Amino acid sequence: MTAPTTGPVRPRRPLRAPGATRSNALPAGAWWLWALGLATAASRTTNPLLLGLLVAVAGYVVAARRTDAPWARSYGAFIKIGLFVVGVRLVFSVFLGSPIPGTHPLFTLPEVPLPDWAKGVRIGGRVTAEQLLFALYDGAKLATLLICVGAANSLANPARLLKSLPGALYEAGVAVVVAMTFAPNMVADVVRLRTARRLRGRPTGGIKAVLQIGLPVLEGALERSVAVAASMDARGYGRSAQVPPAVRHTTNVLTLGGLLGVCAGTYGLLAAQGAVYGLPLLVAGLVAALAGLRLGGARSVRTRYRPDRWGARAWLVAGSGVAVAVAMIWAGGVDAEALRPGVVPLTAPVLPLWPAAAVLIGLLPAVVAPVPPSPGAPRSKEIE
């Protein structure tokens, strides 16, 4: 005999992120905090395995959560810029030499004689494997930083990021929106012009094609960015209310002093021997800067239409990037050799397990962030 059921049994839904709408879309600041956390982690290591893992994490999240908006197409351009940076670093190492000693010579270039006052500088000479490997590690670190910034540019809506700025900083909004929309607009114009040339039967590669596309691309991207800035100015950006001189001076002192403290604290955290004073200076600078921004907000006369809300998903995305940065900074103090493998003598880099596991925390946005609509689906205005 079976017990009677009390009601209809509802099927269990799998635990997955909802579809992205205007009401649940992540604030742009959450994406930037996540990306800056990955970039901070990249700045603490030259291990190519960890750097490659950071690039893979950023690329996977971008592939899983970017939209079909124009700024979302800039990630590939940042990857190309990163590869270009690595190539330039290797070329400089070959032609200008390196202070890294090496016992495995690869080839020797003709050395240009220099005067006595240029001691320590050489052009040409012997090129060793250790020298090239050191340059490769150094260039890969900088390339990873650029790729992490590119991930934030691809995922964060620049207009929504500008709307989230504190009231004390909104006067710089016109310049910020021009700077942040210039690169995405330029990438979109490159794609559009190359498609038009391909349809007309003209070549899209080579130096001649690049020269013919370059000027229209720069002009079009700048005009679109300036048009957005003009529309912002027409809506009241840059206007401020009158405040007492004492409040204005206090705001300037707190903001400037706080930013200087943030810079000094960040330098201390990134330096090898400044971790003791770096964290207190960073915390004190943040508190002072936030207090200055709070006071400076009294000058703002604008209102916000449907401001972004920081929900649990936004905090998880931002916290995952911060967790990766904190774990990598901690690992740098515990096992610095694993994060910065030596090149003399030549040894293969080893992947440290728990720092690699900490980097994988950066994949959390690919799970918790709302899923954007597919490119073929109709685009909803609520997502803008």
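**Cysteines, core and surface of a predicted model**

Cysteine 148 counts as buried, at 1% relative accessibility, where buried means under 20% relative accessible area, exposed over 50% and partly exposed in between, with a 1.4 Å probe and protein chains only. Cysteine 263, by contrast, counts as exposed at 52% relative accessibility. The count of disulfides comes to 0, a disulfide being a pair of cysteine sulfur atoms within 2.5 Å.

The model is predicted, so that local features need pLDDT of at least 70 and side-chain atom pairs count only at pLDDT 80 or more, while totals for chains, interfaces and linings use all residues. Residues are numbered from 1 along each chain as its sequence is written, and side-chain values use heavy atoms, with hydrogens and water left out.

The interior may be considered next. The largest nonpolar core has 38 residues, and those with the most contacts inside it are Trp31, Trp34, Leu38, Leu54 and Val317. Such a core is a set of buried Ala, Val, Leu, Ile, Met, Phe, Trp, Tyr and Cys residues joined through side-chain atoms within 4.5 Å. At least two residues of this core are supplied by each of helix 1 (28-43), helix 2 (48-65), helix 4, helix 10 (312-334), helix 12 (353-359) and helix 13 (365-368); helices are DSSP runs of H or I with at least four residues, numbered from the N terminus. Helix 1 gives the largest share of the core, 10 residues. Leucine 38 touches Leu54, Val57, Ala58, Cys148, Gly321 and Val324, leaving aside residues up to four places away in sequence; contact here means heavy atoms within 4.5 Å.

Helix 4 also takes part in a charged pairing. The model has 1 salt bridge, defined as a side-chain nitrogen of Lys or Arg within 4 Å of a carboxyl oxygen of Asp or Glu. It joins aspartate 138 to arginine 89, with the closest N and O atoms 3.2 Å apart. Because aspartate 138 lies in helix 4 (residues 129-155) and arginine 89 in helix 3 (residues 75-96), the pair ties together parts that are 49 residues apart in sequence. Aspartate 138 is partly exposed, at 29% relative accessible area, and arginine 89 is partly exposed at 25%.

Helix 3 leads on to the surface. Val91, Phe92, Phe95, Leu96, Val112, Leu114 and Ile123 form a nonpolar patch there, with about 600 Å² of accessible area together. Nonpolar patches join Val, Leu, Ile, Met, Phe, Trp and Tyr side chains within 5 Å, from residues with over 30% relative accessible area and no salt bridge; accessible areas come from the Shrake-Rupley method with a 1.4 Å probe. Helix 3 provides the largest share of the patch, 4 residues. Valine 91 lies in helix 3 and is partly exposed, with a relative accessible area of 41%.

Note on methods
Patches are made of residues with over 30% relative accessible area and no salt bridge: like charges are joined within 9 Å, nonpolar side chains (Val, Leu, Ile, Met, Phe, Trp, Tyr) within 5 Å.
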